[in-house]
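Q: Please take a close look at one part of this model, the place where two helices pack together. Then follow on to unusual backbone spots and charged pairs.

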Amino acid sequence: MWNIKDKICLITGATSGVGQQTALALCRQGAKVVFTYRNEQKANETLALIESKIGVKPEMYFCDFSSLDSIRKFSEKFKSQHTKLDVLINNSGICEMERKISTDGIEMNFAVNHLAPFLLTNLLLDIIMNNGSARVINVASGAHKNAKINFDDLEIKKSFSGFKAYGQSKLANILFTKSLAKSLENTNVSVYCLHPGFVSTGIFKNMGKFSIGLLRVFMISPEKGAQTSVFLATSDSIDAPSGSYFYQKKVVNSSADSNDNIIADKLWIISSKYVDL
């Protein structure tokens, strides 16, 4: 029987938006929440918010997801403090409309949204598996549906489009989920991914005021956006196979490309080379 109480839950990108609301909800249900931060002021504000509302104090660790070295250092530090991890929620994400480069010289959307959770999950997999059961939850997006993995130009160096880069990175999240689920068959680790909805958060700040103004009518609150992540982390019984894609707490179909095993296998191999796994 799955009970979130006292389970160690690591949430990336929990200093605002969906991640912060996920952390609040899990703390409220008795989970031992750990979150990463890049901005220390926002981290302290999140810590104070959770402490004032719920009376508990989560752990927090610095991690810059645009740096592979920072991810490795964080994982080493986390594992020096913890021998198991019950729930990993890869929530951190960005939406860069202009082409930017990570610390490692990689296009930023691809680096932060895909390579970062890919590396982090693999680095923590030993303590994730050191459990009776565990869950990995990847926050993807409905933006994957019109996306393609362009293996000839993964970093979109030619004719860059922020929407194209973001969509590709979110498609990569789903392909990673399905590959990881397949590799963890016959273990006690379940892997899921989800579309949180079109959430009113800072992730879309680079779209411009006019675009955001037009789309605001369709946006939902971060609290509503967190509901599926919380459901997947806490539900006693998830009536869906590992690797499933969820929206509004229900399994839904993702794109044909996201279910292509050949694309998934190729992406895994290339991602492993990128992060020197």
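A: The helix pair comes first, then the backbone, then the salt bridges.

This is a predicted model, in which local features need pLDDT of at least 70, side-chain atom pairs count only at pLDDT 80 or more, and totals for chains, interfaces and linings use all residues. Residues are numbered from 1 along each chain as its sequence is written, and side-chain values use heavy atoms, with hydrogens and water left out.

Start with helix α4 (residues 108–128) and helix α5 (residues 162–183). Helices here are DSSP runs (H or I, at least four residues), strands likewise (E, at least two), numbered from the N terminus. The axes of α4 and α5 come within 7 Å and cross at roughly 20°. Axes are lines fitted to C-alpha atoms, for helices over the stretch in contact, and angles run from 0 to 180 degrees between N-to-C directions. The two helices are therefore roughly parallel (angles under 35 degrees). Their crossing is right-handed (the near helix is turned clockwise from the far one by less than a right angle).

Residues of α4 in the contact include Phe-110, Pro-117, Phe-118 and Leu-125. On the α5 side, Tyr-166, Lys-170, Phe-176 and Leu-180 are among them. Contact means heavy atoms within 4.5 Å. By class, this contact has 9 nonpolar, 8 polar and 1 charged residues. Ala, Val, Leu, Ile, Met, Phe, Trp, Tyr, Cys and Pro count as nonpolar, Asp, Glu, Lys and Arg as charged, and the others, Gly among them, as polar.

Now the backbone. Most residues other than glycine have a negative phi. Ile-156 has a positive phi, near 45°. Ile-156 sits in the loop between β5 (134–139) and α5. Ile-156 is buried, at 3% relative accessibility (buried means under 20% relative accessible area, exposed over 50%, partly exposed in between; 1.4 Å probe, protein chains only). Gln-248 also has a positive phi, near 50°. Its loop runs between β7 (245–247) and β8 (250–251). Gln-248 is exposed, at 55%.

Last, the charges. The whole structure has 7 salt bridges (a side-chain nitrogen of Lys or Arg within 4 Å of a carboxyl oxygen of Asp or Glu). One joins Asp-69 to Lys-73, with the closest N and O atoms 3.1 Å apart. Both lie in helix α3 (residues 68–81), 4 residues apart, about one turn of the helix. Asp-69 is partly exposed at 42%, and Lys-73 is exposed at 52%. Another pairs Asp-86 with Lys-84 at 3.8 Å, N to O. Asp-86 is buried at 3%, whereas Lys-84 is partly exposed at 33%.

Terms used:
Parallel < 35°, antiparallel > 145°, perpendicular 65-115°, else oblique.
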